[in-house]
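Colleague: Please take a close look at one part of this model for me. I would like to know which residues are covered, which are open, and what lies around them.

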Amino acid sequence: MAWTLLAAGLCFIIPEENRAHLGMIAFFIFLFAAFYSPGEGPVPFTYSAEVFPLSHREVGMSWAVATCLFWAAVLSITFPRLLRAFHPVGAFSFYAGLNVTALCLIFLFVPETKQRTLEELDYVFAVPTRTHASYQLKKALPWWIKRYVMRRKDARLEPLYHFEGATAADQLIAVKAMAH
């Protein structure tokens, strides 16, 4: 998504007399919306619905929705002023930079919840944030580079969580052992 914002901003460099100017800007903004809508857009709502236990789900979801809408309002209110201060190229580049920052923060601090039961999610969120971030930097990132950049199909990723037949006490012991 960041590259579409950056490309849209750089399209403002194209002279306005050129017919491609407006078309390219619209094209890259359309691409951003196409990537955002099925990708990052609904994630806060889906993630919040998964991670809160039933007893706290209503309050948790209301906070998640309120936070999301608050930042959407901040974005829409500040964008005209940002355009005046940074001009279109700088404004779109700034938001592209925020996208890259969000990618890094999500990678480090947001645990994966895909195909986990509610009981397993208790284990996932019992892992300290520092342990999760350390695992992401020291194990997951090197694995990803080996697997997808270096194209090594033999690269293996040691899982952070072990669920099969483990009790809650076993999980806590395993997480503490990984932290040290």
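Modeller: In helix α6, the buried residues are Thr131, His132, Ala133, Tyr135, Gln136 and Ala140. The model is a predicted one, and what follows describes that prediction. The helix spans residues 129-149. One of its buried residues, Gln136, is also the centre of a kink of about 35° in α6.

Other residues of α6 take part in a nonpolar surface patch. The patch covers about 680 Å² and is made by Leu137, Leu141, Trp144, Ile145, Tyr148, Val149 and Met150. Three of these can be taken in turn. Isoleucine 145 lies in α6 and has a relative accessible area of 35%, so it is partly exposed. Tryptophan 144 is in α6 too, and because its relative accessible area is 44%, it counts as partly exposed. For tyrosine 148 the relative accessibility is 43%, which means partly exposed again. The class fits because partly exposed covers what lies between buried, under 20%, and exposed, over 50%.

Tryptophan 144 also has a partner beyond its own helix in terms of distance: its C-alpha atom is 8.6 Å from that of leucine 157, although the two residues are 13 apart along the chain.

Next come the aromatic rings. Two rings are paired if their centres lie within 6.5 Å, and by this rule there are 13 aromatic pairs. One of them joins tryptophan 3 and phenylalanine 28, with centres 6.2 Å apart and planes at 80°, an edge-to-face arrangement. This pair links distant parts of the chain, as tryptophan 3 belongs to helix α1 (residues 2-10) and phenylalanine 28 to helix α2 (residues 20-36), 25 residues apart. Tryptophan 3 is partly exposed at 48% relative accessible area, whereas phenylalanine 28 is buried at 12%. Back in α6, the rings of tryptophan 144 and tyrosine 148 have centres 5.9 Å apart and planes at 45°, so this pair is tilted. Tryptophan 144 and tyrosine 148 are four residues apart in α6, about one turn of the helix. Both belong to the nonpolar patch already described. Elsewhere, Phe12, Phe79, Phe86, Phe92, Phe94 and Tyr95 form one aromatic cluster.

Just after α6 comes arginine 151, with a positive phi of about 60°. Most residues other than glycine have a negative phi. Arginine 151 is not a glycine, yet its phi is positive. It sits in the loop between α6 and α7 (168-179). With 64% relative accessibility, arginine 151 is exposed. Histidine 87 also has a positive phi, of about 65°, without being a glycine. Histidine 87 lies in helix α4 (residues 57-109) and is exposed, at 54% relative accessibility.

Helix α5 (residues 118-126) can be read in a similar way. Its buried residues include Glu120, Leu121, Tyr123 and Val124. Seen down the axis of α5, the buried residues fall within an arc of 155°, so they line one face of the helix. Glu119 and Asp122 are on the other side of α5, and they are exposed.

Technical notes
Residues are numbered from 1 along each chain as its sequence is written. This is a predicted model: local features need pLDDT of at least 70, side-chain atom pairs count only at pLDDT 80 or more; totals for chains, interfaces and linings use all residues. Side-chain values use heavy atoms; hydrogens and water are left out. Patches are made of residues with over 30% relative accessible area and no salt bridge: like charges are joined within 9 Å, nonpolar side chains (Val, Leu, Ile, Met, Phe, Trp, Tyr) within 5 Å. Accessible areas come from the Shrake-Rupley method with a 1.4 Å probe; for residues, only the protein chains shown count as cover. A salt bridge is a side-chain nitrogen of Lys or Arg within 4 Å of a carboxyl oxygen of Asp or Glu. Helices (H or I, at least four residues) and strands (E, at least two) are DSSP runs, numbered from the N terminus. Buried means under 20% relative accessible area, exposed over 50%, partly exposed in between (1.4 Å probe, protein chains only). The arc is that of the directions from the helix axis to the C-beta atoms. The bend at a residue is the angle between axes fitted to the seven residues ending there and the seven starting there. Rings of Phe, Tyr and Trp (its six-membered ring) pair if their centres lie within 6.5 Å; planes under 30 degrees apart count as stacked, over 60 as edge-to-face and the rest as tilted.
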